[in-house]
Protein chains: 4
Amino acid sequence: MQKVRAGIVGAASLLSSVLLRLLALHRHVEIVLLVSETKTGKKVEDVHRELRGAISKKLVPYNPREIAEQCEVVFLCKSHGEFWKKTGELIALAKRMKSVLKVIDLSADYRLHDPELYPVWYGFEHKNARLLRDAVYGLPEIHARDIKEAELVANPGCYPTCVLLGAAPLFQAKVVDGTTLIVDACSGVSGAGLRPNERNLAMYTMENILPYRVASHPHAAEMEQELTHIARERIQVTFVPHVVAFKYGMLTNIYLRLKKRADYKSVVKMYHKFYQGKDFIRLLPEGEYPQIRNVVGTNLCEIGLVYDQRTGILIVMSVIDNLMKGGSGQAVQNMNLMFGLEEKEGLPSVR
Amino acid sequence: MQKVRAGIVGAASLLSSVLLRLLALHRHVEIVLLVSETKTGKKVEDVHRELRGAISKKLVPYNPREIAEQCEVVFLCKSHGEFWKKTGELIALAKRMKSVLKVIDLSADYRLHDPELYPVWYGFEHKNARLLRDAVYGLPEIHARDIKEAELVANPGCYPTCVLLGAAPLFQAKVVDGTTLIVDACSGVSGAGLRPNERNLAMYTMENILPYRVASHPHAAEMEQELTHIARERIQVTFVPHVVAFKYGMLTNIYLRLKKRADYKSVVKMYHKFYQGKDFIRLLPEGEYPQIRNVVGTNLCEIGLVYDQRTGILIVMSVIDNLMKGGSGQAVQNMNLMFGLEEKEGLPSVR
Amino acid sequence: MQKVRAGIVGAASLLSSVLLRLLALHRHVEIVLLVSETKTGKKVEDVHRELRGAISKKLVPYNPREIAEQCEVVFLCKSHGEFWKKTGELIALAKRMKSVLKVIDLSADYRLHDPELYPVWYGFEHKNARLLRDAVYGLPEIHARDIKEAELVANPGCYPTCVLLGAAPLFQAKVVDGTTLIVDACSGVSGAGLRPNERNLAMYTMENILPYRVASHPHAAEMEQELTHIARERIQVTFVPHVVAFKYGMLTNIYLRLKKRADYKSVVKMYHKFYQGKDFIRLLPEGEYPQIRNVVGTNLCEIGLVYDQRTGILIVMSVIDNLMKGGSGQAVQNMNLMFGLEEKEGLPSVR
Amino acid sequence: MQKVRAGIVGAASLLSSVLLRLLALHRHVEIVLLVSETKTGKKVEDVHRELRGAISKKLVPYNPREIAEQCEVVFLCKSHGEFWKKTGELIALAKRMKSVLKVIDLSADYRLHDPELYPVWYGFEHKNARLLRDAVYGLPEIHARDIKEAELVANPGCYPTCVLLGAAPLFQAKVVDGTTLIVDACSGVSGAGLRPNERNLAMYTMENILPYRVASHPHAAEMEQELTHIARERIQVTFVPHVVAFKYGMLTNIYLRLKKRADYKSVVKMYHKFYQGKDFIRLLPEGEYPQIRNVVGTNLCEIGLVYDQRTGILIVMSVIDNLMKGGSGQAVQNMNLMFGLEEKEGLPSVR
């Protein structure tokens, strides 16, 4: 079988280091092009030291023509707001060149379909409304059919992935009482990347737990868009994220009230039906709680449910590896779907 | 000034190691008696290695007569359910002996005034209803007057301390809409003590976050008792605790809805009024969030408030050192009150 | 190609959890038998939670006949001293049954060829001198040829693996001045396993570094045996191990003096020649130091060399993942060699 | 008693945050002046968040005249090489103004008496040879007499403090065989300060151990200067430091050979005699090893000795809190000596 020719833009980033390892071990992929503007000219093994001896390819400057010529898929690992314009130009150029290039964007630039949300949540104007509309939100457990046909997949944020996988069955079944969700979430420091900031310095994160962007994190908008879509009514989220003293993984706790007609047992059945045949979802038996140590290094999402009889609150707990199912692993899962490969191909899970 | 003669029962425990350090540095205290049944005969410095060279006193078996004779205050650092009967007997004996012994119980044995709650939440029958009624719940910011007169102070649990300090002003002012509270809490592993279990083995806690006793932790009963008392109506709590990958400190997030007439600014004022003159409360300015690293090693509680305009949810975040304000520090604060000392005496805070 | 039928004895251990994952993902292996005496009757996924949904096989009691009948290879994951007798009996039984069973022992029971060393270093008498002599020390970079023919491979200890890979080229080339080696080593807490002890409780290991068995750890004997063999003269090791506040990985620093005729450049050449074609050795360029974060999760050993011109001391630093190259990964590497498979098969390294 | 009027230059640094807490709690000190050029105009509580509500003083620009007028002691918390010239000018100015100002320099600028060493180890020319000669190396356990009379105390580096306290008794007694010392050391990330670098980003330090400046760290020069002075012969050190995955504390392991006439027992006696009456030294009984968790937050140095009979190597292990005895705590100890206060005053140790 011929290999998929893949490229990465932003190859010096932390997300890229995970993506590179996955692609290097993927038997149906050939890495053909690695773009970095901060580390142009360096060998990738000199930037990502854990790849020494494995990938000696040089990092090159961004050249859209080169990408359109050499790649069948390109992964965009840029910061939010940096690249949305170039993404549109790259896709247009590829079309003109009759290249069959597919694009997987790991930034937030094409996740929200409504352009009005960008100034509010991300602080920049997004002028490519057309592409925003056409981009597919790349959560395979929900949008697999569209992903297979997509030209541009917007790879979901880590928190939204974890929350949506946890909450989707309830909203689809319309058993949630009310339209406001409370989400309390804890992420490892890898979520803060490698550029020095308050949330990734060891002295501020070790032996600590850091609330940040309380009720103002832009991932809330992503959750609201998708839950509103699933529920077919306007859903809102109070979202409180924290950075916690570990490297990889995240836990999201969702608090909601069930409608009277729903009970714990019927809810559990809903989840099993909703996720039947989904390789990356692990539903826990009653009494077991998710733990990030069970999923770190894999593309799995582990989900546990607890119903508080006394207060009528349902607690949905879900965990993922924030750089795998919450980032590069999901990007590979999307690529597999887009190229007709087996969904699990190249994703190191024993499941 | 004459020194208060203090004893500890359960002196080999983790809480005791913190208490011993505080008492040893307290200029108005003399440690006269250290009881341990697991380590009888050992020197305390051989059990708590960080005290080597400081306290060479021997650990002795439990002898109530000896305590009543030698101590003016005794701290009980036993596991829940182990000692409630002996506590009652000790107090009765002291009375008979005309000893002025005061007791500070760091276990949960005298925190709940309603004996019916013990079988439900702690799995044992509590037969000393009278002492349960008379014991004072030792949260000084709320019950200072009663603590000063108390014979038996039930030192609050770590989670309830953090949650009650965070929520009390709102319930007293009756501005909370509804009677159910959601509390999502993260504690360091020191909360799990030193006896090996799933929540204190390094392999299960490092690089992990462990939900446990979800919606079934007995500290919920303590929160409900006190909030109900403050609010003068029945309050319920959905409480979800976690053990997280750090040693000391805890963060509790409280989610609730405000009544229409309340707004963020008036709420902030309430807090400042409620805690005026309270040395161990640090109210953060708007936009700042509490962090355990700011309070570890001190008896402080740091509180931050965020109002989510979009959903109408108020988020109260509070942090303490779980072994200090959430345990031994608060016990010393209670002792200070009980013996007419300055409330801050011997509590290492720069505030 | 037909799959190798593999079994594990001691399948509830920490080492086994890593081994199980490797074997489950190994395309030429079928797991046929899992023995555990502490967890008999449980499903393996209920013991190793991260395997939920992947391996539902039940843990069975030890039955040597069953092993000899069903397995081509069995991995022994027992504690030191527990099983040496049964290992001998199992091999004898297999021979009588004309089974072609091969054994890989992950304990220390067959690592030292001299039976006299067992009472000294491990505190028990070893009475199977014949099998001690015949067992092959399973360090593939040094004993590959013997491993391929072995019936019983003694999988090396974690520290000796790291130290021997770091020091072997120097002793083979006879450029070390003196016969005493100083080794200062740091291991993650996973080295202390899951049975509660002073070295794996979170309160004793987080925010700490714990020297233990200073100059008395039995892994010194293993290092001495192999270095003496390589150097063709008696070598001694002062070995100081520590448990450090991380989960996986280890670093060993070797301090020695070079003979006059050796210099840094020639030493570097030696290493490159010695390890030519070895897939799991990563020699770092001058000025780069090994880091466990570059090897955790892989079977790699990363080696760095620094020559202190001022004092004439050579510092060899090497790192491995203690449960992979220092345990289960190396066991799989040995199995690959014993069954004529590619040495890297099933070992997740991008190299 | 009148309070010592103290100032700090470089008050926004990590070392300062510890120093500020110590001085604020010191009953014989009044903080009169806080200088910071990076945070001029800010309140100190807005820079060091754990001081909120405690010290609201504003940070002011550097003005030597102001210091000489207002302070009796000034602590210099600047980076190495930045301030040596100004330090000389400040002292000269104070003399001209007849101010009795004493200076405690926490940087390396006046630790090495030989100006020639600065270009070699620190990369800058030091032109104040006279002050280098007159400055007192502020290790109170060794130089107490000189410290009491000093105008300028050079507060020792963290590693040298730990190594010198561990090795001094042996060199003074001249029982070390040879003149080269091997030192393998592990420090928490607080040693790397708060300015972002490879050694204080969480992603590079959590779950890792980072060798750095192997055999080239400038603290080696400090160790050599002082050991040479104590031993009265030229001593050299091969020094290998690491940053490890914890925040506070350090462990240094010293490897050396004893002269024939020395034995373990006599060595232990030497240590007890050498450190008799020294409040901050904790000598461990045989078989016990130092642990940073026993000293973090205190000004103690804990020392353990192991003699490897088989190889003749003596291992001296010592631990300190790198920001306390290895920094600000020692600075306060020096100040106490310089102002005739009790050496332990304001240093929170139960010993």
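Start by selecting chain A and colouring by secondary structure: you'll see 12 helices and 13 strands. Keep in mind as you click around that this is a predicted model.

Stay on chain A and zoom out until the whole chain fits. Its C-alpha atoms fill a box of roughly 60 × 45 × 40 Å, taken along the principal axes. How does the radius of gyration of chain A compare with that of a compact globule? For 351 residues, such a globule would come out near 20 Å, and chain A has 20 Å, so the two agree.

Now peek inside. Of the 351 residues in chain A, 58% are buried. Try showing contacts too: take those in chain A between residues at least 6 apart in sequence, and 73% of them join residues at least 24 apart.

Next, switch on chain B alongside chain A. Here 32 residues of chain A are in contact with 32 residues of chain B. Which elements of chain A give two or more residues to this side? Select these strands of chain A one by one:

- strand 7 (176-187)
- strand 8 (209-211)
- strand 9 (236-244)
- strand 10 (250-258)
- strand 12 (301-308)
- strand 13 (313-320)

Colour the side of chain A that touches chain B by residue type, and you get 19 nonpolar, seven polar and six charged residues.

Last stop: hide chain A and bring up chain C with chain B. This time, 12 residues of chain C are in contact with 13 residues of chain B. On the chain C side, look for seven nonpolar residues, three polar ones and two charged ones.

Conventions. Residues are numbered from 1 along each chain as its sequence is written. Chains are lettered from A and ligands numbered from 1 in the order in which they are written. This is a predicted model: local features need pLDDT of at least 70, side-chain atom pairs count only at pLDDT 80 or more; totals for chains, interfaces and linings use all residues. Two residues are in contact if their C-beta atoms, placed from the backbone, lie within 7 Å. Ala, Val, Leu, Ile, Met, Phe, Trp, Tyr, Cys and Pro count as nonpolar, Asp, Glu, Lys and Arg as charged, and the others, Gly among them, as polar. Helices (H or I, at least four residues) and strands (E, at least two) are DSSP runs, numbered from the N terminus. The radius of gyration is taken over C-alpha atoms; the globule rule is 2.2 Å times the number of residues to the power 0.38. A residue is buried if 20 or more other C-beta atoms lie within 10 Å of its own, exposed if 12 or fewer, and partly exposed in between; C-beta atoms are placed from the backbone.
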